[in-house]
Structures are given as C-alpha cells and as structure tokens.
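Me: I've never looked at this one before. Could you walk me through how to read it, step by step?

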Amino acid sequence: MSLDDPPQRAIVVVSAGRSRKVLLAVIGTALTSCLVLMVSGLFLSLWVGNYDVTAVDLLLGLEAQLTCALVGIAIGVLCSRLVFRRQGYALVAALALVMVVLLVKGMPPVNLLFNSMAATPDSAKLLAPTGGMLAIAAALLAGFTAVTQFIASGRE
C-alpha cells in the first residue's frame with residue numbers, strides 16, 4: 001500500500017478524480033492477488049499431498065484464508081503511507097497489529113479462528129463460526145479503509 005511516492009500518488013489521484021477510487025483500486029488489486037494465492041494454496045496442497053478432502057473442507061479452507069487475507073489487507077491499509085508518513089512507524093504499527101491479531105487469546109477474527117480450527121475436528125461445525133469471522137474481517141477492512149480515507153483526505 002505504500003509503494004507509490006507521494007507525487008506519483010497525487011498524479012494518479014488527479015487522473016482518477018478522487019482519492020477514494022485510488023484507495024479502493026489498491027485494495028481491489030491486493031484482494032485479487034490474495035485470491036490467486038488462496039486458490040493456488042488450496043489446490044497445490046491437494047495436488048502434492050494425499051488427503052481425503054470434502055467440499056466442506058475446501059469451503060472451510062477458503063473461508064479461513066479469505067478471513068486472514070482481509071485482516072492482512074486491513075492492517076496494510078491502516079499502516080500505509082497515507083496514515084503513517086514515516087515508514088519505520090508504519091512497520092512497528094503493522095508488526096504490533098499482526099502480533100495482536102495472531103497472538104492475543106480469543107481475539108477475533110484470526111486467533112479465534114485458528115483456535116477453533118485446532119480444537120474442532122469436524123469441518124461442518126466450523127462453517128458458520130468461520131463465516132462469522134469472515135464477516136468480522138470484512139467489517140474490519142471496511143472500518144480501516146474508512147479511517148485511512150478520512151486521514152488521507154484531511155492531508156491532501
């Protein structure tokens with residue numbers, strides 16, 4: 001999210017008409033690349049390994065990977081150059097947020113998702129809770145995007 005130089009981003013924003021369009025396009029690009037990696041990650045493990053996998057298992061894996069991707073994109077948006085002008089501060093904030101999301105016990109969506117997947121062997125029982133975690137991750141991405149857009153529009 002912080003790859004563009006400020007002058008380059010200003011040119012793109014002027015060309016696009018609004019900074020919100022540019023931010024949403026960057027998020028869409030990140031989400032598209034995550035989707036490609038998710039599909040390859042799901043099917044590569046099936047191709048290489050020897051597993052008995054059902055459609056429910058695949059759906060659960062897709063939900064879990066999409067949840068983690070949305071949370072990762074949300075952290076990337078919030079820790080981008082649009083919010084943090086200094087990249088060192090952005091790195092520290094991103095590492096802290098990732099550690100909180102992964103390691104704080106019972107923290108939705110990622111830690112709670114991993115703990116429930118490790119404790120419950122039946123994939124069918126996890127589909128609804130994982131869908132709830134996916135909804136929380138989508139709300140987190142929407143909230144972090146709104147905060148980033150608010151901060152960025154105040155600076156531009």
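**Reading the fold**

Reply: Sure, start with the order of elements: along the sequence the pattern is α-α-α-α-α-α. Keep in mind that this is a predicted model.

Me: How many helices and strands does the chain have?

Reply: Counting elements is a good opening move. Here you get six helices and zero strands. For the overall dimensions, the C-alpha atoms fill a box of roughly 50 × 30 × 25 Å along the principal axes.

Me: What share of the contacts links residues 24 or more positions apart?

Reply: You look at contacts with a separation of 6 or more, and ask how many link residues much further along the chain. In this chain, residues 24 or more positions apart account for 69% of those contacts.

Me: And what share of the residues is buried?

Reply: Of the 156 residues in the chain, 30% are buried. As for the outside, the chain exposes about 9,300 Å², with carbon and sulfur atoms supplying 71% of that area.

Me: Let's zoom in on a helix. Why does the length of helix 4 make sense?

Reply: You compare an expected span with the one in the model. Helix 4 runs over residues 87-103, so at 1.5 Å a residue its 17 residues should span 24 Å, and its end C-alpha atoms are indeed 24 Å apart.

Me: Which residues of helix 4 are buried?

Reply: They are Ala-90, Ala-93, Ala-94 and Val-101. These cover an arc of only 100° around the axis, so they sit on the same side of helix 4. That buried set packs against helix 3 (55-78) and helix 5 (110-119). On the face turned away from the buried side, you'll find the exposed residues Leu-91, Val-92 and Leu-103.

Me: Which residues touch the most other members of the largest nonpolar core?

Reply: Look for the members with many partners. This core has 21 residues, and Ile-27, Val-71, Ile-73, Ile-75 and Leu-141 touch the most other members. Helix 2 (19-48), helix 3, helix 4 and helix 6 (123-155) each give two or more residues to it. Helix 3 gives the most, with seven residues.

Me: Can we finish with a single residue? Is Thr-130 buried or exposed?

Reply: Check its relative accessible area against the cut-off, which is under 20% for buried. Thr-130 has 1%, so it counts as buried. Its place is in helix 6. Leaving aside neighbours within four places in sequence, Thr-130 is in contact with Leu-60, Glu-63, Ala-64, Thr-67 and Leu-113.

How values were computed:
Residues are numbered from 1 along each chain as its sequence is written. This is a predicted model: local features need pLDDT of at least 70, side-chain atom pairs count only at pLDDT 80 or more; totals for chains, interfaces and linings use all residues. Side-chain values use heavy atoms; hydrogens and water are left out. Helices (H or I, at least four residues) and strands (E, at least two) are DSSP runs, numbered from the N terminus. The expected span of a helix is 1.5 Å times one less than its number of residues. Buried means under 20% relative accessible area, exposed over 50%, partly exposed in between (1.4 Å probe, protein chains only). The arc is that of the directions from the helix axis to the C-beta atoms. Contact means heavy atoms within 4.5 Å. A nonpolar core is a set of buried Ala, Val, Leu, Ile, Met, Phe, Trp, Tyr and Cys residues joined through side-chain atoms within 4.5 Å. Accessible areas come from the Shrake-Rupley method with a 1.4 Å probe; for residues, only the protein chains shown count as cover.
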